[in-house]
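Reader: I am new to this structure. Please show it and explain the terms used for it.

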Amino acid sequence: MIPLQLKIDPLPIVEPLVVRLVLNPSIKSPSDAILVARGDGTADFDVGGFSLRVHTNDPASLDGDVVLVIPGRRTLHRLIRASSPHNTLLITEQCDQLCVMCSQPPKQYHTDMFDQFLDAVRLAPVDATIGLSGGEPLLHKKRLFEFLVKAQNHRPDLRFHILTNGQHLLAEDEAHLRYLDMTSILWGIPIYAAEGEIHDRIVGKVGAFSILQENLARLGRTGAAIELRTVVMQSNIDHLERLGEYITLNQPFAQVWAIMQLENIGYARMNWTKEFSDTSLSFEGVSQAINISLGKGLATALYNFPLCSVPEAYRRYCVASISDWKQKFLATCENCSLKSKCTGFFEWYPEERGFKKIIAQ
Ligand code: SF4
């Protein structure tokens with residue numbers, strides 16, 4: 001697994017610091033920390049005359065990374081890895097829903113890091129896509145909108161992918177949304193069933209489906225590009241075909257439907273036995289959903305499905321989606337001809353309780 005935090009020697013700072021680690025600068029920006037010395041398992045970067053010592057055997061792998069150093073801490077956070085297409089900023093760990101499969105269970109407290117995140121995106125690689133997730137980022141929508149306006153002003157080349165539960169927009173927010181460049185934002189919004197009662201049960205919030213419908217329409221009216229996201233579980237596998245019908249009939253603003261396999265972490269780990277649906281044994285619920293959505297012209301993609309678990313006719317819809325820092329393959333995969341195209345497994349995937357039919361191709 002690629003480390004997202006690295007050990008450092010503490011810096012004498014009183015405010016959080018965001019810098020870009022650079023090995024060989026052609027042009028130096030004031031926010032660049034230049035590599036000045038390598039030791040045995042360490043690399044020293046110059047930060048305005050101070051030395052930031054990072055404990056690493058591979059300084060080259062950090063070249064161009066945008067990192068956050070918090071006063072008094074002995075670790076740095078790699079906020080944006082220059083070599084990765086999977087960079088996500090965790091806006092908050094607060095959330096008003098309690099989804100049965102939540103990979104990032106909510107916490108009560110929030111630390112506002114928007115200023116640091118703005119510093120970070122200003123240093124991001126050209127044309128990068130930055131994910132903004134939580135928790136629920138729109139619980140802090142005033143700050144989020146301010147952040148987006150400034151980020152888009154400074155870096156019009158960047159794209160953002162905002163993951164939101166679609167519960168926190170009001171009529172007056174439409175003006176804020178119209179102020180944004182919506183062409184560079186993809187709004188990823190979960191929907192788990194067409195039946196309100198099932199969706200509400202999965203997200204742990206009565207009335208959530210009804211609010212979601214209002215806010216999908218609200219986003220659509222402002223020109224938002226919407227990616228609807230559905231995690232496949234035992235709770236909804238038999239309802240996916242109906243969901244496909246509902247989306248294609250009632251959600252004209254949806255640009256893509258992402259159907260995802262479960263990640264064994266957070267609440268999903270606690271609820272794994274009850275909710276994991278082994279689609280390597282029975283893919284019918286998913287294939288029915290795909291047939292409906294594609295038949296109606298809605299782009300549809302499968303996330304987190306190992307290729308051999310999917311019937312051949314549907315493999316073309318699989319995306320290699322598991323982020324590089326949490327991806328693994330099994331011993332079975334070693335000689336598989338599909339490995340280079342396959343998403344593999346989450347680092348924490350429980351092989352003994354996972355897919356029954358994983359077979360090298
Ligand atoms: S055997 Fe492994 S690499 Fe091959 S398709 Fe299956 S999961 Fe992917």
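Author: The questions below take up one residue and then the two domains.

Author: This is a predicted model, where local features need pLDDT of at least 70, side-chain atom pairs count only at pLDDT 80 or more, and totals for chains, interfaces and linings use all residues. Residues are numbered from 1 along each chain as its sequence is written, and side-chain values use heavy atoms, with hydrogens and water left out.

Reader: Why is R218 called buried?

Author: Buried means under 20% relative accessible area, exposed over 50%, and partly exposed in between (1.4 Å probe, protein chains only). R218 has 11% relative accessibility, so R218 counts as buried.

Reader: What lies 3.2 Å from a polar atom of the side chain of R218?

Author: The backbone oxygen of L169 lies there, at 3.2 Å. Leaving aside neighbours within four places in sequence, R218 is in contact (heavy atoms within 4.5 Å) with L169, L170, A171 and E174.

Reader: How many residues of domain 1 are in contact with domain 2?

Author: 10 residues of domain 1 are in contact with 12 residues of domain 2. The domains span 5–80 and 87–353, with bounds from an automatic or database domain assignment.

Reader: What is the area buried between domain 1 and domain 2?

Author: Buried area is the accessible area (1.4 Å probe) that two parts lose on being put together, summed over both. Here the value is about 920 Å², and carbon and sulfur atoms give 78% of that area. In domain 1, V18, L79 and I80 lose the most area to domain 2, together 58% of what that side buries.

Key:
Polar contact = N/O pair within 3.5 Å; in protein donor to acceptor, adjacent residues only side chain to side chain.
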